[in-house]
Amino acid sequence: SMPTLLQKLFSKRAVGNDNGNARDLTCVSLFFSWASSEFDLAQIRLIVYQDCERRGRQVLFDSKAIHKLDASEPYTRPASDVNMLGEMMFGSVSMSYKGSTLKIHHIRSPPQLMVSKVFSTRFGSSTSGSTNTLQDSFESMSQTFPSHTSSIAHSNPVDMPSRGHSEDGDSGIARSASLSSLLATPLPSPGSSFSSGCASSYQRRWLRSQATSLQHGPMPRWNTEEMFSLSDESCSSNPAMIRRKKIAISIIISLPEREEENHNFQEFFFSHFPLFESHMNKLKTAIERAMIVCRRIAESSQRVQVYLCRVMEALGEFRMTVWNLYMAPRISEPVWLSMISQSTERNLLCQRFLKEMSLLMDHGAKSQFLSALLTAVLTHHLAWVPTVMPSSLPPIKTACQKPASHTVDLLAKSHPYNPLWAQLGDLYGALGSPVRVCRTVVVGRRRELVQRVLYILSYFIRCSDLQEHVQPQGQMENPDNPTNPCSSQTTDPTPEKTFPPKPDPLKPTACVIEKALNPESVPGTFVEQNNDTLLTDTKSTNPSSSLESSTVRPECTEMGQECFGEDGDSVGGGLEHILANQSPLLHRVQFHIGSPRETENEGQAGGLSRAGCGRGLDRKLHQRLLTDIRRNESSDSALGDSDDEETSLQELYMATEQKEYELPLPSYQVESRASVNHFGRSLLGGYCPQYMPDFALHGISSDLGLKQCLMSDLEHTVLHPALDEPVAEALCIVADTDRLSVQVVTSQRRVCEGGRLGRDVMVSNLVYTLITSVLQLYALNIASDFCVMHLEDRLQELYFKSRSLAEYLRGQTRVHVKELGLALGIESSDIPLLAAVASTHSPYVAQILL
Amino acid sequence: MNALVALCHFCELHGPRTLFCTEAVHPPSPSPPQPGSAIPGDRDREADREGEGLTMRANSSATQRADMCEGCRSLPASHPGFVSVDSETGIRYLSHQHPRQPQLFSVVRQACVRSLSCEVCPGREGPIFFGDEQHGFVFSHTFFIKDSLARGFQRWYSIVVVAMDRIYLINSWPFLLRHLRQTIQSLQDTALKVFDNEQCVCPQRAVRMNSAFSPAVFPHQRSGNAARSLTSLTQHPNLWASLHSSFSWLLKACGSRLTEKLLEGAPTEDTLVLIERQTEQEEERSGWDGAEGGGSNPQPSQSESVQPKDFQFDDGRQEDLLGPKFKSLRHLRQVLGANDFRQLAWHVLMGNQVIWRGADPGLIQSAFNVLKALLPVGCVRAVLYSPHYEEAYRCNFLALTHVSSSEFSMLVDVLNVERGCVNPVSDDDILSLYHEFFLNVSFSWFVFLSGPTLLNKIEVALSNENLSVEVVSLCLLCLKEEWMNKVKVLFKFSKVDGRGKEDTQKVLALLGATGPGEEDNVRLLKFWMTGLSKLYKSHLMTAVRGGERTLSQ
């Protein structure tokens, strides 16, 4: 078979060696690493900066200035560039906005990317200005560099908050948006359903396009009020004090020297930005805590030491996470994405997939490992649901092929949303209501077994496939490229080429008027062309007056000539002429312009208006006249006069009434290719050296590390979801291939009995029969292509069942499990799965079952 | 792209100014939001603005326009602006000096001020991203344009892309940078040529060196110089039209830079059959009125969804017929009684011909309407109001006015209907029916012993009064889909692959068709096979002929 694009791209980077064992053929070679070169941890630098009204700017942390924490002198002279970086972080003019600000800078030499978040600070009531202690310590140290010991005496412990005042420091991180954000989550009303298959996908995308629409203007959303807490007290802060101090946290990433690597990293960084940002938020929380904790320490050098230690630790974690995100092995051929993108290899993929699945089924047969795992995955990674919701459209190509959603396609064109965002939500299964996000970790010492599980799950954890449309390489250099505004001039002085002139009998008229309207413009073919459109527009928008306008046009011409003279050059003279004569036409229009009572006065002026020329043109002329009058008048005084203000408001008002010159949209020549930098490729991980918080799916060798970090990680996900929308719950499915157990860990329940990570998964009977019948068909030597089709049919049955369940629950106060079993064929073990599926199309289900 | 692009200038006299702005105006939503799903937003914006700094305050058009020179202007005030329409999507790209939408005016103003006087870019030329939820997010690229008359022989500009979608804007950084650089380069190159020309004619450096500096004259001199427009700096008469085209293109290209391929489930067999029948009908019709040119009834459009509802009896117009009706399967069951209903349903499911004979066509039609829900659409062949008997292969539902007989059929005689009862209140009062069977008794008995699994499950649902009619019909849909999926497997196995009896038995077992009622189950599966769509069948056949190399695309 033909190697796929990705195989070609990453064949050299495949992790592990292909030992040619036919049985395990697939897995080893199916994983690849993203990055083409090593990524040095020291490439990531952290700076914490403070901007204080009273004290100016101070660096509170710079990883470049710190060598080793255990050394006697952990910090060295501040880096030479910090002043410049401070300017970039805070800007040259201070902003008084109290929410957080995000900035990204590109530094050319040495090539670096800088991501900054600037926060207003929040104090507790009793500790006004209490960062001063830390800051004092820093100041004195940098002043007395290189010996910091003397600084201790200078530091001022008076500002210390009383110890013991609030010992429970862990829970104090102020959060502004958790509850309100959940309430703000749009919940579509029950009973509304689309006839089209992709209802929930469509709905999600539509809401996103509206929520991020520019046409609604700025809409402060759920995370606007994010601040930097300098106190662990939850009391409300004095608003007057908020603006006194800003804290900026910047991550500076040194870019690879080689052009190609540089390009690759940047493409990765910008497409995966939400993940980077989420980790920055985590870092920020750690820095907040470090500052709060260290303030409780009286002794200055110790205080600084504790602070530095904590921040370095957090930075270390951040660096590791970023390194992992970039370097960890990925599934190079996720089954679902490969199947929908490479139709020619479909059979091969089906064969391989079923083979792996039957091997795994045999392996965990006794414990129903696969059934439990798929129950959990289908319950929480819900993006499979829209892919089985039956389409109501006739198939375009082959009968049994899934059609691409037509409605979503239309939506994307007319109301663009971010397909990367949609994909991220798909992978995390954020399709239900309330929004839950899920990731799956496969744990096990046996690498090939873990990889097999990952491979199989990459069929069930689904997302849309992304295509990229870019200008062809040569096109960019083409001088006629639409991004090159001066092309018509540089390549060809005759603008007719760009705007082919249309023969129009009205051209002379238009030309004269244009000269008058636009003294700047050189009379030329292009200008004439524009005016042709103008006149046509006036006509077309005013159908009732189309007859009139054609009859009055000569009058217009006459007026134009009268006003501006035959040659149209002497604008000033024309104006004088008009002003002197005070033509009735002008009189009327002055009355007309910008008056909100325009329509009322229409009656009075109507006679004239209809007798005069087309309204639009009429107005433009007079608008121009007024402007020119003003210009003439004000040219002597640099200050202008008071009338200007009024007139300019009128101009703005006028502008909304005018009809623009229509120009053709430049032709859009693009080349389409499979997108490489997208979450479908990057978040389906392979067998990784350690737990990866961002991945929707990956494997690790042991769950030792998991126990330490998973809970806090899930909590962080709820507080700072990379998804950029409020999340009610974060979950992690932990599948242990050694113990053959499947557990679900949730951000909502901290304690699990017996020191376990989470709850065991109850095997859904429907899932069990689904898998067994597919694998039995496969065992009966039925074509694997057909088996996969059958699998899809069975998944569709789950969807239909969820519809019945949703309908059953409507208006129901009590759920009779026995009744569900008898009448709907739904057993209690199926209810969590079907309720989750139902919540994607019938949001009220979650409310009933809660 | 849900964004706008603006060209900004730092005027030496007037500070940061927005020169030219291209917005994308989207058509009204293709599908309205569902009731109750409020779009977030619409807060009191005035309150939100409270905290804005002094420099940011200058968002009124008045203060800005009062103070303007040629360098601060793009289009003359009278100029109506430019528009380009994307006919495919209906998006209109509008260009003016300032945004048309009032709520965007201050957003752009803010972006302009921040880009040119607040944010710091090393080297002063280059890209920066900045923004917050309140003011929107901005990708800004600052650059210099040569001007022989300006201080330092250059003027400072920026192009800003403003959006509310922070993440998409950041995702688009490489794309925007690549294309804006090109736009900027083009402006700079053109201005450089003008600059070089001007310097040849009149070297400004020499002029300045030689002219005596006088503090009194200086500001006046400079104010004269500050008035040069970008058009004059580039000597490009159509500059703004060209920039409009560039910016419109950029917005379009950036918005459609990434597309997703999102799949839906394959249509159900019922949908496929309906589509096939519709197409056949239309072909017939176009055959009928081919002379008329056939322009009025085109093929079913792709976007037109098919409702699998009342297709069979669309010429019947049930609503027009007065008299008692069957409202649901449950209703029918109540009227017939559990046993008779079971027999009737059994015959329907097995594909036996069901003949209803009676004088009330409305009633019979309503009976067929509820009964056909038991079968896949492809299995329903109904003949209404036939004056004579039709063979079973032609129809499995037959409404007759005369008596007739057939071996494998069931006859329901409607004997006594209370005519004129428009408003049937109590179901039991509506009618009493008499039915007789032209079948041997033993066969009927068999039905009572086990029956097909499907029928048993349907009866459980129908008899449970707790379940609403809607739940029952969804339940029926589930069961039918479940059994259609079994039908597909059996078809593949026996008809396509032609497997032997032993293997077939295995497949039946794995499908859950064996055990009690096995014989009925198999009968049902075989009958339902006839209801598979042509498309599906031919697909499986082709796949086999192609050695299972599916011609997927």
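## A buried histidine in chain B

The side chain of His244(B) reaches the side chain of Ser84(B) through a polar contact at 2.8 Å. That is in a predicted model, so keep in mind that everything here is computed from predicted coordinates. His244(B) sits in helix α9 of chain B, which runs over residues 239-255.

Is His244(B) buried or exposed? It is buried: the relative accessible area of His244(B) is 0%, and the cut-off for buried is under 20%. As for its company, leave aside the neighbours within four places in sequence and His244(B) is in contact with Phe20(B), Thr22(B), Phe82(B), Val83(B), Ser84(B), Tyr93(B) and Ser95(B), plus Leu663(A) from the other chain. So Ser84(B) turns up both as a polar partner and in the list of contacts, because contact here just means heavy atoms within 4.5 Å.

## The two chains in outline

Chain A has 850 residues, and buried ones make up 62% of them. Its fold contains 35 helices and 17 strands. If you take the contacts in chain A between residues at least 6 apart in sequence, 75% of them join residues at least 24 apart. Chain A exposes about 33700 Å², with 53% of that supplied by carbon and sulfur atoms.

Chain B has 553 residues, of which 59% count as buried. Here you'll find 20 helices and 13 strands. With contacts again limited to residues at least 6 apart in sequence, 72% of those in chain B join residues at least 24 apart. The exposed area of chain B is about 22300 Å², and carbon and sulfur atoms supply 54% of it.

## Nonpolar cores

In soluble globular proteins, nonpolar side chains tend to be buried together. What does the largest nonpolar core look like in this model? It has 284 residues, and those with the most contacts inside it are Leu7(B), Trp356(B) and Trp528(B). The element that gives the most to this core is helix α17 of chain B (residues 469-496), with 14 residues.

Trp528(B) is a good one to click on. Not counting residues up to four places away in sequence, Trp528(B) touches Leu349(B), Leu374(B), Leu375(B), Pro376(B), Cys379(B), Leu454(B), Lys480(B), Trp483(B), Met484(B) and Val487(B). There is also a second, separate core of 20 residues, which includes Cys112(B), Cys121(B), Phe130(B) and Val160(B).

## A proline facing chain B

Pro403(A) lies in the loop between α15 (384-388) and α16 (406-414) of chain A. Which residues does Pro403(A) touch, not counting residues up to four places away in sequence? From chain A there is Ser391(A), and from chain B there are Leu262(B), Leu263(B), Glu264(B), Gly265(B), Ala266(B) and Pro267(B).

Pro403(A) is buried, with a relative accessible area of 9%. For a sense of distance, Pro403(A) and Leu359(A) are 44 residues apart in sequence, and their C-alpha atoms are 31 Å apart in space.

## A nonpolar patch on the surface

Not every nonpolar side chain is tucked away: Val815(A), Val817(A) and Leu849(A) form a patch on the surface, with about 190 Å² of accessible area together. Val815(A) is found in the loop between α32 (784-809) and α33 (817-824) of chain A. At 32% relative accessibility, Val815(A) counts as partly exposed, because the limits for that class are 20% and 50%.

## Backbone oddities in chain A

Most residues other than glycine have a negative phi, and most peptide bonds are trans. Chain A has some exceptions worth a look. The peptide bond from Ser109(A) to Pro110(A) is cis, with omega near -5°, and Pro110(A) is in the loop between β4 (101-107) and β5 (112-122). The bond from Ser433(A) to Pro434(A) is cis too, with omega near -5°; Pro434(A) is in the loop between α17 (419-427) and β9 (436-443) of chain A.

Then there are the positive phi values. Asp724(A), a residue other than glycine, has phi near 65°. Asp724(A) is in the loop between α30 (704-719) and β15 (729-736) and is buried, at 3% relative accessible area. Asn781(A) also has a positive phi, near 65°, and is found in the loop between α31 (765-779) and α32 of chain A. Asn781(A), however, counts as exposed at 64% relative accessibility.

Definitions and conventions:
Residues are numbered from 1 along each chain as its sequence is written. Chains are lettered from A and ligands numbered from 1 in the order in which they are written. This is a predicted model: local features need pLDDT of at least 70, side-chain atom pairs count only at pLDDT 80 or more; totals for chains, interfaces and linings use all residues. Side-chain values use heavy atoms; hydrogens and water are left out. A nonpolar core is a set of buried Ala, Val, Leu, Ile, Met, Phe, Trp, Tyr and Cys residues joined through side-chain atoms within 4.5 Å. Buried means under 20% relative accessible area, exposed over 50%, partly exposed in between (1.4 Å probe, protein chains only). Helices (H or I, at least four residues) and strands (E, at least two) are DSSP runs, numbered from the N terminus. A polar contact is a pair of N or O atoms within 3.5 Å; within protein, one must be able to donate a hydrogen and the other to accept it, and residues adjacent in sequence count only if both atoms are side-chain atoms. Patches are made of residues with over 30% relative accessible area and no salt bridge: like charges are joined within 9 Å, nonpolar side chains (Val, Leu, Ile, Met, Phe, Trp, Tyr) within 5 Å. Accessible areas come from the Shrake-Rupley method with a 1.4 Å probe; for residues, only the protein chains shown count as cover. A salt bridge is a side-chain nitrogen of Lys or Arg within 4 Å of a carboxyl oxygen of Asp or Glu.
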